[in-house]
Amino acid sequence: MQARAEGSAGPGSAPRPTRAEGDPGLSARAARLARAAGSQRPSSRPAGNPLREGLRLERMPDPAAFVLFGATGDLAHRKVVPALFQLWRTNLLPHEFALVGIGRRPLGDDGFRTGLRASVEEHGRAPLTAAAWEPFAACISYQRMDFGDPAGYAALADRLDELDRTRGTAANRLFYLATQPSAFAEIIAGLGRAGLDHEVHGGGWRRVVIEKPFGRDTISAIRLNREVAKVFRESQVYRIDHYLGKETVRNLLVFRFGNGIFEPIWNRRYVDHVQITVAESIGVEGRGAFYEEAGATRDILQNHLLQLLSLVAMEPPATFEANALRDEKVKVLRSIAPLGPLEPAAVAPGVVRGQYGPGWVAGAAVPGYRAEPEVDPQSETETFVAVRLTIDDWRWAGVPFYLRAGKRLPKRATEIAVRFRAVPHALFKGTSVDPEPNLLALRIQPDEGILLRFAAKIPGLGLDVRPVNMDFTYGSAFSVDSPDAYETLILDALLGDASLFTRADEVETAWQVVTPILEAWARGRAPDFPNYEAGSWGPAAADALLARDGARWRRI
Amino acid sequence: MAADLGGRPPSAPPRTGPEVLPFGIAAVPGEPVLRWDGAATTVAAVERELARIWSSPPARDAIGGEGREERTVAARTSVLNLVVVARRPEIGERVAAEISTLTGRHPSRTLVLVPTDPDGPPWFRAQVRAYCMAARDGAPETCAELVYAVAGGETGRHLAAVVTPLLVHDLPVALWWPGDPPFGTRPADELVALADRLIVDGSAWPGDGLDRLRAVARLARSVEVTDFAVLRQARWREAIAAAFDRADLRPYLGSLRQITVTHASHGGPDADWSTNVVRPVYHVAWLASRLGLRPIRALHRDTRPEDRGRRRASRPAPPGGPADPGRDLRATLGAGRGRTVEVVIRPAISTVAAGTTLRVELLAERRGRELRVEATAEADVVRVRARERGIEVLDRPYLASRRTETDLLAEAIEVGAADHVALDALKTAAALAAPEAQP
């Protein structure tokens, strides 16, 4: 890693604040940087470990301190720490590792560890054993801190320096922001003031992992990115969209670019349209207040659905390297055609919003969205969104991409379906069923797998044709014990591989796709909410969206 | 092979085991259940029985509305054929039990072949089973077929003729040969020729195991080889490699002086020749092949003066006296530019299975500083210690359990591609095991 000259900043970032006399944060930064520069030593990047070849990891993560902001929160306890423990248990973390939890609650190290142990027991993938937990627990400490307090960051910096000495963490630090999004900018500024962002040549790396949501529209996303860029270079920033860590999403890349037979037909000449569905059967599950602010568009469409779209539609990258991959993904997002003038009521011919009313899901009666706890009884938040997008590029011009996401749909299912064009000439006229166009479905969850539908002759004297499925189920070929998405992504962040993380321009471009929709909705009321029954596949308008093109949603 | 091979079987396949739970009756997700159990006395009848499983209506029926087939209820996995040759019925039964627990993971069709009664009349008896498993409630079941065949007389000497018609076409074939495979004989060579992957366990070979090691290395030119003895050592390799993740210790890898592997021996007058040393040889071979060290002198028994006394002592231990473990094996590796690395494979009296690795030690010297790294293992942990100039610089437990045969089999058949690290180790091991040229 190259040291960044003091005062220089990444593109698009605002100039650094001038050093104010007497500001404890800034003088602390200056003092730390001076000390760090004093300890600077020539870089001796060692060659790789030849004994690692052929082992599970050809390169182990460097020794590092993992600083977890929001350590007493739900995300830390349900996902981040269980994933860290699983990595530790399977020897994928370096021995020289330290986890520093940062939170507002007054807790001691032991109290923090006890709470984490209970969470790992509940949410971990494998049973917790004392033999594995005790050494892991010895790596864990807790610091109570108000995110706005400069003294807290100075204390954190001292603690991290001490961990370098006591645990050999080699001045590498990963800051993981699992807090409310409103705290992101404050924490990043605090880290910057204390000089905790600063990488010294040969003296360790600094990385920051940020959880979604990255902003709530284009302007706020740009603003947040700017705040981050004031402190960290883009190469130090890892924005997590956990969907990209899912095994089957990663398999999408292998499926497309590791097989020779699909790529030649993966274009407008052969593809009629593409459907991407992220369906949830659950409601807001006690997170009504959060969901009121978010809605399906911010929660799913802006990130998960557009990420899946870009993976399906992107050009092959020249190398499997983080920026090459993300360059291609962002090109897809930039090529999405604007939805046209968006009217408040109908928004546009290409967008449908919905909100569920009471109904039945999985044999149980469930309340409507407006009757959920913490939800406004007159709420206009959408729990369903469907959108018809087109990608104006050489490969996809004229091919509709239908995306939908919703809560309280009949089942939990995520899949990508590519429907191919019908045969050019109907040879088997007069048969009872016309041959249906071919379909390729990539099931992300559940029952991860790939299905290809083609026409076959029904045995008998006539020439009747019906579609049959060729169905590959992941679990039938590989052990079903895939790593959790968080394990994959945390390990990648520790290894410095940003391929599966979202870049600033990707986030902003994705917001540019959805912000006009949100703005149009904000201008007027949603007249017909609730407009679909819980347990149905969304409002009738979603079906009409496809019917206009002569298509219909795949029944999942 | 369609005709009944006749003859009255002196023994039949085992009929014990779980009850059949017919297709359509819900089972506990994540646990394999026996969905089909049939019998056959000819290979053609086995083929018919296998076809019947999938033509039975409950297995074929589909769910999904509008009269359109969406997803089948149960499907055979389409991953690979697994052929197992069990020279003794008890091995066959153990293997069949292990494979039934792998359902939903890998093998699509497993053929367990038990040749028996070689001098009797030819006969053939087979049991045809299907085990199915649903990953979760409501998910379609994936099934694996298991054919357990006992072949007597002449039939047992032509197993390739039994296997060929029963393979699922277009799927790779893995051949697992537990125990001591008679490589070099016609029946064995015919079966190996059918296989894409040969799975063996070098730690089960008779004698010191080195002649089988050379034979397997020759076979590795035409078939992928997986040796459980290599897979078992993964935790040792990970733990030893992890020590050299430390940037300050890594340079020592370039200036290794000696590799010493200590293994268990039960002692006795024939300990030299009856202790299987395949596992310690693999440790050395892995280190050598990864570090670019080439054998320049193959393994030979230590005949240095101080060992002659030990050789004379290779007699049954006097009552109450210490048993003699046998003699060291030594070899020399070349590191280029005239630098050499000494190899010592040292027996030590132990109650664990003879040939089990007890300790791997590396000695390196660099710029006048000496580094000693020592790895030892227990059931759930490999411990690595390092001392630099006599001062402890590393003492690290590496949590990893010893793996069962079922785990190893699952891994062996999961590997889709050639494992060049294992192949390099096998080739180096065979070179180390080369018979010494007569002086």
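# Exercises on a predicted two-chain model

Strand 14 (residues 329-334) and strand 15 (residues 340-349) of chain B are paired through 6 bridges and run in the antiparallel sense. The structure is a predicted model, and the exercises below begin with the sheet that holds this pair.

## Exercise 1: the open sheet of chain B

Work out the order of the strands in this sheet of chain B, name its edge strands, and describe the helices that lie on the sheet.

*Solution.* Begin with one matched pair of residues: L329(B) has I345(B), in strand 15 of chain B, as its bridge partner. Next, widen the view to the whole open sheet, in which 8 strands of chain B follow the order 13-14-15-12-16-17-18-19, with mixed pairing. The edges can then be read off as strand 13 (294-301) and strand 19 of chain B, each of which pairs on one side only. From one strand to the next, the twist averages 15°. Helix 8 of chain B packs on this sheet, where it touches strand 16 (357-366), strand 17 (369-377), strand 18 (381-388) and strand 19 of chain B, and its direction makes about 30° with that of strand 18 of chain B. Finally, helix 13 (residues 420-432) of chain B lies across strand 13 and strand 14 of chain B, and it runs at about 50° to strand 13 of chain B.

## Exercise 2: the side of chain B that touches chain A

Find how many residues each chain gives to the contact, and which elements of chain B take part.

*Solution.* Count the two sides separately, which gives 34 residues from chain B and 27 residues from chain A. On the side of chain B, the elements that give two or more residues are helix 8 (234-243), strand 19 (391-399) and helix 12 (405-414) of chain B. Helix 8 of chain B gives the largest share of that side, namely 5 residues. Sorted by class, the side of chain B that touches chain A holds 17 nonpolar, 3 polar and 14 charged residues.

## Exercise 3: one face of a helix

Decide how the buried residues of helix 1 of chain B are arranged around its axis.

*Solution.* Take the length of the helix as a starting point: helix 1 (residues 43-55) of chain B has 13 residues and spans 19 Å from its first C-alpha to its last, close to the expected 18 Å. Then list its buried residues, which are V43(B), V46(B), E49(B), L50(B) and I53(B). Seen down the axis, the buried residues of helix 1 of chain B fall within an arc of 110°, so they line one face of the helix. On the other side of helix 1 of chain B, A51(B) and S55(B) are exposed.

## Exercise 4: an enclosed strand

Determine which residues of strand 8 of chain B are buried on each of its two faces.

*Solution.* It helps to recall that side chains in a regular strand alternate between the two faces of the sheet. On one side of strand 8 of chain B, the buried residues are E141(B), C143(B), E145(B), V147(B), A149(B) and A151(B), and on the other they are T142(B), A144(B), L146(B), Y148(B), V150(B) and G152(B). Since 12 of the 12 residues of strand 8 (residues 141-152) of chain B are buried, the strand is largely enclosed by the rest of the structure. Its antiparallel partner is strand 7 (residues 123-134) of chain B, joined to strand 8 of chain B by 12 bridges, and one of the matched pairs is A134(B) with E141(B). The hairpin of these two strands has 6 residues between the strands, and there G138(B) takes a positive phi near 85°.

## Exercise 5: the parallel sheet and a lysine of chain A

Describe the parallel sheet of chain A, and then decide whether K246(A) is buried or exposed.

*Solution.* In this open sheet of chain A, 6 strands stand in the order 3-2-1-4-5-6, with parallel pairing. Strand 3 (140-144) and strand 6 (237-240) of chain A are at the edges with a single partner strand each, so one side of each is left without a neighbour in the sheet. Turn next to K246(A), which is found in the loop between strand 6 and helix 8 (247-257) of chain A. With 22 other C-beta atoms within 10 Å, K246(A) is buried, the cut-off being 20 or more. Apart from its neighbours within four places in sequence, K246(A) is in contact with I444(A) and A485(A).

Key. Residues numbered from 1 in each chain as written. Chains lettered and ligands numbered in written order. Predicted model: local features only at pLDDT ≥ 70, side-chain atom pairs only at ≥ 80, totals over all residues. Helix = DSSP H or I, 4+ residues; strand = E, 2+ residues; numbered from the N terminus. Expected span 1.5 Å × (residues − 1). Arc of directions from axis to C-beta. Contact = placed C-beta atoms within 7 Å. Nonpolar A, V, L, I, M, F, W, Y, C, P; charged D, E, K, R; others polar. Pairing = 2+ DSSP bridges. Axes fitted to C-alpha atoms, helices over the stretch in contact; angles between N-to-C directions.
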